[in-house]
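This report introduces selected features of one protein structure to a reader who has not met it before. It treats a pocket and then several individual residues in turn.

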Amino acid sequence: MFWPGRKVFLTGHTGFKGAWLSLWLRRLGAQVTGFSLAPPTQPSLFAAAEVARGMQSVFGDIRDLPSLRAALHAAGPEVVIHMAAQSLVRASYADPVGTYATNLLGTVHLLEAARGCPSVRAVVIVTTDKCYENREWVWPYREGDTLGGYDPYSNSKACAELATSSYRSAFFHPARFAEHGVAVASARAGNVIGGGDWAADRLLPDAVRAFGAGVPLRIRNPRATRPWQHVLEPLRGYLLLAQALVEQGPACDGAWNFGPDAGAIQPVEAVIAGFQEAWHASGGRPGVWMEDAGPHPHEAHTLALDCSKAAAGLGWRPVLSFSDAVRLTAAWYGRFLAGEAARELCLEQAEHYEAMVAAQAAH
Ligand SMILES: NC(=O)c1ccc[n+]([C@@H]2O[C@H](COP(=O)([O-])OP(=O)(O)OC[C@H]3O[C@@H](n4cnc5c(N)ncnc54)[C@H](O)[C@@H]3O)[C@@H](O)[C@H]2O)c1
């Protein structure tokens, strides 16, 4: 077992993916220190699931290098997973400067702090599938494809990829691994769904709010396709990658895609149809949606990832089908709204997911 007792420094632990990962790492026995701003939403999974219980939770800003450095040194981790970000495309149009400050300069600060921290052996920088220059073609993107990004969010994540690549060349070069002892990788995942996301402008949180209030859900781009996956899928990818970096060093550095199988590359309207059905089946009142004609800022229409590298190099493959992912998400919200505890729901779904991973491995 790799994780018991392992010291992990996780940025973004108060966000949606960070809250799930903090709970899962604790379940796996790791010693977790989180560093983030306060939760970005109200309600939040961080508060609802009492994520701070059992870990060291530090509220701080990654734009402030001295405080980030102090927190990292105090934690003395072997593994660093960087997920703190301004994570929304539409918010990036409203605040491009703040988005670059957090997503680009914040990533540089994290790498700089890691450079001076002797305990660190592995750094995983979480970016996104949107970091590729989107050609609006049907072929899935591979790790070597050109980076780009039309909107400030996507582009700031491509910039974070370039900064990561520069730090790897200049300060954590594989050829000098014996001197610095640090392996650095980046992880690019698709749109995640799962219980406990309350972010603005995300499809299923918007659906939960609209269906719960009995008003039609307004959808911006119903025919846009995305690689949808349950939140636990890329999180397992990040954990396998971190473990590989510690165990194999620079042999596993570089960029890694973690996206779903082709069957989960679906238009927005298919996700919402599946969610309507699962939501109703788990006790929610029937929801309806309508197209919101806009005008809307530009968003990519077609996006898919090729994950052959993660399959070959890390043994990572998606475990949940598209409908499993939608069903688990609807069940989480349905049971939470019926009064069940968020923390236990997350831990139960993580346990169920681990069993599915074990079953996949046994085949
Ligand atoms: N949710 C998705 O569908 C998705 C898809 C691909 C990639 N990602 C990436 O995964 C990561 C986590 O996404 P999420 O959905 O949990 O996002 P989120 O918005 O729910 O959480 C973001 C986290 O970053 C923290 N944060 C923001 N600005 C900060 C700052 N200046 N200093 C310190 N902390 C700061 C927030 O407090 C929060 O903890 C992000 O890097 C995001 O870009 C998310």
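## The second largest pocket

Three helices, H1 (16–28), H9 (232–248) and H13 (342–362), each contribute at least two residues to the lining of the second largest pocket. Among them, H9 provides the largest share of that lining, with 4 residues. The model described here is a predicted one.

The lining of the second largest pocket comprises 13 residues in total. Those that lie nearest the centre of the pocket are Trp-3, Leu-28, Arg-236, Leu-240 and Gln-243. The volume of this pocket is about 340 Å³.

## Glu-143, a buried charge

Glu-143 belongs to the loop that runs between strand S5 (122–126) and helix H6 (152–170). Although Glu-143 is buried, it has no salt bridge. The nearest side chain of opposite charge is that of Lys-309, at a distance of 5.2 Å. A salt bridge requires a side-chain nitrogen of Lys or Arg within 4 Å of a carboxyl oxygen of Asp or Glu.

The side chain of Glu-143 does reach a backbone atom: the nitrogen of Asn-257 is 2.8 Å away. Residues up to four places away in sequence are set aside in the list of residues that Glu-143 touches. That list consists of Tyr-132, Arg-188, Ala-255, Trp-256, Asn-257, Asp-306 and Lys-309. Asn-257 thus appears both in the list of contacts and as the partner of the Glu-143 side chain through its backbone nitrogen.

## Thr-164 in helix H6

Helix H6, which follows the loop of Glu-143, contains Thr-164. Thr-164 counts as buried because its relative accessible area is 1%, and the limit for a buried residue is under 20%.

A polar atom of the Thr-164 side chain lies 2.7 Å from the backbone oxygen of Ala-160. When neighbours within four places in sequence are left aside, Thr-164 is in contact with Thr-107, Leu-111, Ile-125 and Val-184.

## Ile-193 in strand S7

Strand S7 spans residues 191–193 and includes Ile-193. Ile-193 has a relative accessibility of 5% and therefore counts as buried.

Apart from residues up to four places away in sequence, Ile-193 touches Phe-16, Leu-204, Trp-228, Gln-229, His-230, Val-231, Ala-325, Val-326 and Thr-329. With respect to Phe-2, Ile-193 stands 191 residues apart in sequence. In space, the C-alpha atoms of Ile-193 and Phe-2 are 27 Å apart.

Key
Residues numbered from 1 in each chain as written. Predicted model: local features only at pLDDT ≥ 70, side-chain atom pairs only at ≥ 80, totals over all residues. Heavy atoms only, no water. Buried < 20%, exposed > 50% of the residue type's maximum accessible area, 1.4 Å probe, protein only. Lys, Arg positive; Asp, Glu negative; His and termini not counted. Polar contact = N/O pair within 3.5 Å; in protein donor to acceptor, adjacent residues only side chain to side chain. Contact = heavy atoms within 4.5 Å. 1 Å grid on protein atoms, 1.4 Å probe; cavity = no way out; pocket = protein on both sides within 12 Å on 5 of 7 lines; lining within 4 Å. Points joined across faces, edges and corners; volume = space filled by probe spheres on them.
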